[in-house]
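This report goes through one chain, starting from single residues and moving on to helix packing and the whole fold. Please keep the structure in view while reading.

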Amino acid sequence: MPDLPRYPGSGGQVVRPDAGPPPPAILNAVKLMYAGAAVSIVGLIVGLATAGDLKTAIKRAQPKLTAAQVTNSEHFLITATVVISLIGAGLWLWMAWANKNGKSWARILSSVLFAIATLNTVAGFAQPGDLLSRVFTLAVWLVGLGAILLLWRPEATAYYRACSGRPGLAT
């Protein structure tokens, strides 16, 4: 690793060279990440507004469940939806900030989170749910796909390299 400059007043921390502003691919990916956070929250609101249909969907998918089991499943699914949606929105915002600032680890983590979201989307379509919630789930996934494709464009790679201070870094 090449020696990077250390300046007085920096507390001995490495001072990274100025990489310049993020390229359009990064800025557009960040916009999509903000949109992903917004769609996640709107999807949560829609999901909560249509939660009354959930009990019927559970009964249809699992007709042998008792009334108590249906109610417990409904409560679990609503709670899981709220928790996952809020965590998801927070992750969207964190990844937007980190990628905009050229953190190469954020591009990798964003890709891992997208892979997990892909599995979650596929699994979610196998569970009971209403059409509107499924549309929002698919919309969030498509936004994630767009962001990931932009994060791996060549100009984004050059930006991450410049921000790392290691031009030859293969990220």
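## Glu-74

In this predicted model, Glu-74 has a relative accessible area of 10%. Residues under 20% count as buried, so Glu-74 is a buried residue. Glu-74 is part of helix α3, which covers residues 67-100.

Which residues does Glu-74 touch, leaving aside those up to four places away in sequence? The partners are Ala-51, Leu-54, Lys-55 and Ile-58.

## Thr-50

Thr-50 sits in the loop between α1 and α2, the latter being residues 52-61. Is Thr-50 buried or exposed? With a relative accessible area of 18%, Thr-50 is buried, because the cut-off for that class is under 20%.

When residues up to four places away in sequence are not counted, Thr-50 touches Asp-130 and Ser-133. Ser-133 belongs to the stretch 131-151 that forms helix α5.

## Tyr-34

Tyr-34 is located in helix α1. Its relative accessibility is 43%, so Tyr-34 counts as partly exposed, a class that lies between 20% and 50%.

Not counting residues up to four places away in sequence, Tyr-34 touches Leu-93 and Ala-96. Both of these partners are listed in the contact that α3 makes with α1, as is Tyr-34 on the α1 side. Tyr-34 can also be paired with Val-143: the two are 109 residues apart in sequence, while their C-alpha atoms are 9.6 Å apart in space.

## Helices α1 and α3

Two packed helices are described by the angle between their axes and the distance between the axes. For α1 (residues 24-49) and α3 (residues 67-100), the axes come within 9 Å and cross at roughly 165 degrees. An angle over 145 degrees counts as roughly antiparallel, so α1 is roughly antiparallel to α3.

The crossing of α1 past α3 is left-handed. On the α1 side, the contact includes Ile-26, Leu-27, Val-30, Met-33, Gly-36, Ala-37, Ile-41 and Leu-48. On the α3 side, the contributors include Ile-78, Val-82, Leu-86, Ala-89, Trp-92, Met-95 and Lys-100. By type, the residues of this contact are 18 nonpolar, five polar and one charged.

## Helices α4 and α5

At what angle do α4 and α5 pack? Helix α4 (residues 104-125) and helix α5 (residues 131-151) meet at about 155 degrees, with axes 10 Å apart. This makes α4 roughly antiparallel to α5, because the angle is over 145 degrees. Their crossing is left-handed.

From α4, the residues in the contact include Arg-107, Ser-110, Phe-114, Ala-117, Thr-121 and Phe-125. They meet residues of α5, among them Arg-134, Thr-137, Leu-138, Trp-141, Leu-145 and Ile-148. The contact of α4 with α5 divides into eight nonpolar, seven polar and two charged residues.

## The chain as a whole

The chain has six helices and zero strands, so the pattern along the sequence reads α-α-α-α-α-α. Of its 171 residues, 31% count as buried. Glu-74 and Thr-50 are two buried residues described above.

The accessible surface of the chain is about 10100 Å², and carbon and sulfur atoms account for 68% of that surface. Among contacts between residues at least 6 apart in sequence, 67% join residues at least 24 apart.

Notes:
Residues numbered from 1 in each chain as written. Predicted model: local features only at pLDDT ≥ 70, side-chain atom pairs only at ≥ 80, totals over all residues. Heavy atoms only, no water. Axes fitted to C-alpha atoms, helices over the stretch in contact; angles between N-to-C directions. Helix = DSSP H or I, 4+ residues; strand = E, 2+ residues; numbered from the N terminus. Parallel < 35°, antiparallel > 145°, perpendicular 65-115°, else oblique. Left-handed = near helix turned anticlockwise from the far one by under 90°. Contact = heavy atoms within 4.5 Å. Nonpolar A, V, L, I, M, F, W, Y, C, P; charged D, E, K, R; others polar. Buried < 20%, exposed > 50% of the residue type's maximum accessible area, 1.4 Å probe, protein only. Areas by Shrake-Rupley, 256 points an atom, 1.4 Å probe, with all protein chains shown as cover.
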